[in-house]
Amino acid sequence: MRVTVIGAGVVGAACAYACAQRGLKVTVLDRGGLVAGTTGSGEGNILVSDKEPGPELDLALRSNALWRDWEAELNRQVGYDTAGGIQLERKGGLIVTRTSRGMRALAATTGELVDERAVRELEPLLAADILGGAFFPQDMQVQPARAAAAMLAGAREHGAEVRLRTEVRDLPADADAVINATGAWAAQFGIALPVEPRRGFILVTEPLPLLIRHKVYSAEYLENVASGDADLQTSTVVESTPGGPVLIGATRERVGFDATPNREALRKLAAGAAALFPFLTDVRIMRTYHGFRPYAADHLPVIGPDPLTPRLWHAHGHEGAGIGLAPATGELIADLLTGSAPALDPAPFSPARFPEVAA
Ligand SMILES: Cc1cc2nc3c(=O)[nH]c(=O)nc-3n(C[C@H](O)[C@H](O)[C@H](O)COP(=O)(O)OP(=O)(O)OC[C@H]3O[C@@H](n4cnc5c(N)ncnc54)[C@H](O)[C@@H]3O)c2cc1C
């Protein structure tokens, strides 16, 4: 079977890797260079902590296991000794709050509730007014660009061809299956799927010693992730990186592909981070960047065959979780294409769930 994957972001790369491993003849096409789309903007968190029980959490748990399974091979592909591999860190995630409302929200999560003292043991530099938190040991972090590059290199080793700077306008005629992995741009292929960009800004600090040990975020982030509001939403998300800079997010707003910096959003991010970790007040911001999350109206990724267009498959709409969810998405696509029993129920992710498509 000849499979063409459109899009060389982390999701397209994972689809290519999983399909090539099964012996399918894979070609990957991308109009840009490597990780030219949203993957180049992702912070790289692999989270279960921000998912409610249901299909997305199931996909996240499967993906979490696959990241661990694929790690050694992906490290080999991009060089572990010389380049540090894909930098998969099993750091764990900590959601914190300074309100009793936040504590109630955390009690509804699957995390291990931790009191004020235990929070400070996990993160000694947190602000003094934090009441408590929920800890998720499964949460991890990866370097997204390296991970996507490693998956593409792994696919190539299994015979795949990767062609960058190649724009696709129509479905390639020579493929038995074409996978639309174009992320926030996914609505371009013929059918009216409700996937659109949701912009996010990140602040990047000067390099620091390892002062923040886990992925740390405020309980309000859970509400922002679940909300579909078009207006600006900010909640505080802070984490270190192996290179030293601390990444500070996260904003969410639906303003199309507008790349104009939003000063209000950037100011709120900085203030939120300093309120969580007071030492950050004296740390310099070196740069900011933005990206466009592929937002699906019902907050679930779109994975599976197109109900109207023969040969067309979809793998997109992962919004703010595409890095984390990529391996299980690739595996699901490969299972469905080869007729293998899928590791989880594909129905909730089917493109046919949207009335626009089913009509
Ligand atoms: C600020 C920010 C922080 C984030 N943090 C995280 C995080 O911590 N953890 C997490 O899991 N996720 C995070 N995300 C979300 C994550 O980055 C995305 O869900 C993920 O990168 C989507 O990957 P993708 O492969 O679907 O899309 P993309 O990476 O956008 O890839 C799509 C590719 O398709 C190509 N393309 C488009 N149209 C065509 C065409 N016609 N022909 C050929 N090629 C085409 C593009 O060039 C692009 O390379 C974050 C996003 C943002 C914006």
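A polar contact here is a pair of N or O atoms within 3.5 Å; within protein, one must be able to donate a hydrogen and the other to accept it, and residues adjacent in sequence count only if both atoms are side-chain atoms. D30 fits: an N or O atom of its side chain sits 2.6 Å from an oxygen atom of the ligand. The model is predicted, so to speak, by rule: local features need pLDDT of at least 70, side-chain atom pairs count only at pLDDT 80 or more, and totals for chains, interfaces and linings use all residues. Residues are numbered from 1 along each chain as its sequence is written, and side-chain values use heavy atoms, with hydrogens and water left out.

Stay with the ligand. The side chain of T39 also reaches an oxygen atom of the ligand, with an N or O atom at 2.5 Å. I323 uses its backbone instead: an N or O atom there lies 2.9 Å from a ligand oxygen. The protein covers 98% of the 1,000 Å² of accessible area that the ligand has on its own. Such areas come from the Shrake-Rupley method with a 1.4 Å probe; for residues, only the protein chains shown count as cover.

Who forms the shell? In total, 37 residues surround the ligand, each with a heavy atom within 4 Å of it. The closest are D30, T38, T39, N45 and E319. By type, the shell holds 12 nonpolar, 19 polar and 6 charged residues. Nonpolar means Ala, Val, Leu, Ile, Met, Phe, Trp, Tyr, Cys and Pro; charged means Asp, Glu, Lys and Arg; the others, Gly among them, are polar. Strand 14 gives the most, with 4 residues. Helices (H or I, at least four residues) and strands (E, at least two) are DSSP runs, numbered from the N terminus.

Now step back to the domains. The assignment, automatic or from a database, gives domain 1 (2-86 + 141-194 + 298-358) and domain 2 (93-137 + 197-296). Each gives at least three residues to the ligand shell. Their C-alpha centres lie 26 Å apart. The contact (heavy atoms within 4.5 Å) takes 23 residues from domain 1 and 29 residues from domain 2.

Two backbone details remain. Most residues other than glycine have a negative phi, and most peptide bonds are trans. The bond from G249 to A250 is cis, with omega near 0 degrees. A250 belongs to strand 13 (residues 246-252). Q87, not a glycine, has a positive phi of about 55 degrees. Q87 lies in the loop between helix 3 (80-83) and strand 4 (93-97).
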